[in-house]
Amino acid sequence: MRLRAGLRVLRRGPGEVQVGTDPRWAVRVEGLAPAEVEALVAAAADAPPAVASGAGRRRAVAVPAAVEGQLAALGLLDEDDGALDGAVDALVARLAEGGGSARALVERRAAAVVGVVGLGPTGLGVAAALAALGVGTVLLDDPGTVRDADVGPGGYRWSDVGAARVGAAQRALRDVAVGVRTASARRPDVLVVVEHGAADPTRAPVLVASGVAHLSVVLHEASAEVGPLVVPGRGACLRCADLHRVDEDPRWPALVAQLVPRRPPAAHDGGPRHHRPGARTARGARAEPAEPVLLAVATAAAAAGEVLAAVDGRRPRTRDAVLELTVPEPTTVLRRCPPHPSCGCGGLPEGT
Ligand SMILES: [Zn+2]
């Protein structure tokens, strides 16, 4: 057996090495003979970079048989899944937890369904990142068309301008994950809702009633709020977040009324739906603001990380919390957002 591609082996001390992708995400292997340490270091030096492919360039430097079982248990041996979408990120996630099989994580992500509502550059960035990370089905929902201001890195191209966002976004997802599905009869495991100015307060009860876990992303001119990630009935909901804002600023509801465009009744908000190209926009007369590139990129990465934690079965940071992100130097602050006693959403504080 060989070491996984992309792993480094560092000598830690007599008979001890550290194996991982990064000094922070590594596991220690102890009790090695000096020859085994050298063999492991040689095996890592021989492994091709994570991004390289083509078996023809690989030479066979096997890991020492004496430590093969230990390395396999930690998920450090090549399971021949280097070509799977998100395999490298799955390995990093496993190493952050102290080891384990990355393949199980890759399979879990491939079976997941995530929906994204609101496909500006940030929403598309979340969707494309999740597709590239190996999420098997990404449902897309937006009634709009691609504008000049939507063109950006890894997302919409100039040739997409004027086309329906959903169709152009499907193309962008397939550019980074050729096998990704964008339709499913299943409801999403997690729904990401990207909005501008403030979260639409009429959407919160509909989303809670749907029972679908959802992540709110709200964009401002130079900042964004990611979270809370709501699991209906367990922890804070979006209305809880609003009520906390009212506690801090009684004028908040009046502000929200100005910030949220008028929309028709949210009859379909249990999950993404498909729009006919050119269908009338549901976002009212106010034009959707352009999204600064750096804000879109940083927010999309943060939101994708939260969704991925939920898909993987880890605890997202934004359960009962909101991640506040500001640019131009991307900076994040995590603000607590427990269930609000006046909400009545059924959210129980964690640990009860
Ligand atoms: Zn609530």
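The following passage describes a seven-stranded sheet, a helix that lies across it, and the nonpolar cores of a predicted model. Residues are numbered from 1 along each chain as its sequence is written. Because the model is predicted, local features need pLDDT of at least 70 and side-chain atom pairs count only at pLDDT 80 or more, whereas totals for chains, interfaces and linings use all residues.

The sheet is open and mixed in its pairing, with seven strands in the order β5-β4-β6-β7-β8-β9-β10; strands (E, at least two residues) and helices (H or I, at least four) are DSSP runs numbered from the N terminus, and two strands pair if DSSP finds at least two bridges between them. The edges are occupied by β5 (137–141) and β10, each of which has a single partner strand, so one side of each is left without a neighbour in the sheet. On average, and with direction ignored, neighbouring strands of this sheet are turned by 15 degrees against each other, where axes are lines fitted to C-alpha atoms, for helices over the stretch in contact, and angles run from 0 to 180 degrees between N-to-C directions.

Within the sheet, β6 (residues 190–196) and β7 (residues 213–219) run parallel and are joined by seven bridges, with V192 having L215 as its bridge partner in β7. Strand β9 (residues 321–326) pairs with β10 in the antiparallel sense over six bridges, and the two form a hairpin with four residues between them; in this pairing, A321 has R336 as its bridge partner in β10. Of the six residues of β10 (residues 331–336), zero are buried, a residue being buried if 20 or more other C-beta atoms, placed from the backbone, lie within 10 Å of its own, exposed if 12 or fewer do, and partly exposed in between.

Helix α10 (residues 293–312) lies across β4 (113–117), β6, β7, β8 (223–230), β9 and β10, and runs at about 10 degrees to β8. The largest nonpolar core, of 72 residues, has A127, L130, V138, V192 and V307 as the residues with the most contacts inside it; such a core is a set of buried Ala, Val, Leu, Ile, Met, Phe, Trp, Tyr and Cys residues joined through C-beta atoms within 7 Å. Helix α10 gives the most to this core, with 12 residues. Apart from this core lies another, of 27 residues, among them A43, V67, L76 and V88.

Terms used:
Contact = placed C-beta atoms within 7 Å.
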